[in-house]
Structures are given as structure tokens and as C-alpha cells.
Amino acid sequence: MIEESEVKVGGFTFKGWDIAAALPILSALSGGIYYGYDTVQRFYDVETGIELVITETDMFNVRASEFNSRIQALEQAVADNDVRGLNTRLSTISTQMQTILEQQKELLDLRSQVERSTGITDTLGDKLDLYQTEIDDIWKAYDSLVDNPLN
């Protein structure tokens, strides 16, 4: 049946077995063409991706150089400010603060002792003034007895 059938296209006559033999060949050719087209498109996509990666890498390198300059600036600032030596300085300051607080406590104790001593000496001064007045009166009485013994 396929051997007897004929197809006329554009002035050409094709027999059934010609179509049967040409169909796998045309199918293979169309598959090869599609595969070649797909491969070329994938190649173009990879090429575009590589260009994108190169662009991003360049941007990354610029950012990395900026970060490197920032890191160098920070390292320089740390070195300039002697951050590593701060721990010993802080411990020294802490020790000095403790010494100051102890001395302040001693000074406050001495201050209270001085205030108590001032209060005691003020009352002694009043008593001494009273004693001095009595001694002066006794001397005046003695002098008046010496000047006038019969009185």
C-alpha cells in the first residue's frame, strides 16, 4: 500500500517508499539543527554569564580594595592610639584610683578627728579664759592686800 501511493508537491512526485525513507533522514536533520541551535544558544548564555561574572568580579575587586584601605586605616588608628597598651594603662589607673580612695578615707577620718579636736580646744579655751580671769582676780586681791594690809 505505501509502495503504490504517490504525493505530488510543486511539480515533484514522491512515492510512498521515498517518503518513508526521507522521513527519518529529515527528522534526524531537524533534530541536529535544533541541537546545534540549542548548543549555540547555551554557549551565548554561558558567554553572557561569564561577562556578568567578570563585571561582578571587577566590582568585587574595587570593593575589596576599599575594604583593604579601610582596614589599613583602622590598623593605623589602633597603632596610633596604642589600643593594645590600654589594658596595662587601665590596670594602672585602677590601682591609682584604689590608692586615692584609701587616702581619701584616711583624710576623712583625719578631718573628723580635727573637728573633734577643734571642739575640745574651743571648750578648753573658754575654761582657760575663766581660769585666767580667776588668777587675775586673785593677783589683784593679793596686790591690794600688799598695798593696804589693814583693809
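**Exercise 1.** How many aromatic pairs does a search of the whole structure find? Classify each pair.

*Solution.* The model is predicted; local features need pLDDT of at least 70, side-chain atom pairs count only at pLDDT 80 or more, and totals for chains, interfaces and linings use all residues. Residues are numbered from 1 along each chain as its sequence is written, and side-chain values use heavy atoms, with hydrogens and water left out.

Step 1. The search of the whole structure gives two aromatic pairs. Rings of Phe, Tyr and Trp (its six-membered ring) pair if their centres lie within 6.5 Å; planes under 30 degrees apart are stacked, over 60 edge-to-face, and the rest tilted.

Step 2. Phe43 and Tyr44 are 6.2 Å apart, centre to centre, with 50° between the planes, a tilted pair.

Step 3. For Trp139 and Tyr142, the ring centres are 5.8 Å apart and the planes stand at 85°, so this pair is edge-to-face.

**Exercise 2.** In which helix do Trp139 and Tyr142 lie? Determine also whether Tyr142 and Leu128 are buried or exposed.

*Solution.* Step 1. Both Trp139 and Tyr142 belong to helix H2 (residues 86-147), three residues apart, about one turn of the helix. Leu128 is in helix H2 as well. Helices are DSSP runs (H or I, at least four residues), numbered from the N terminus.

Step 2. Buried means under 20% relative accessible area, exposed over 50%, and partly exposed in between (1.4 Å probe, protein chains only). Tyr142, at 48%, is therefore partly exposed, whereas Leu128, at 55%, is exposed.

Note on methods
Helices (H or I, at least four residues) and strands (E, at least two) are DSSP runs, numbered from the N terminus.
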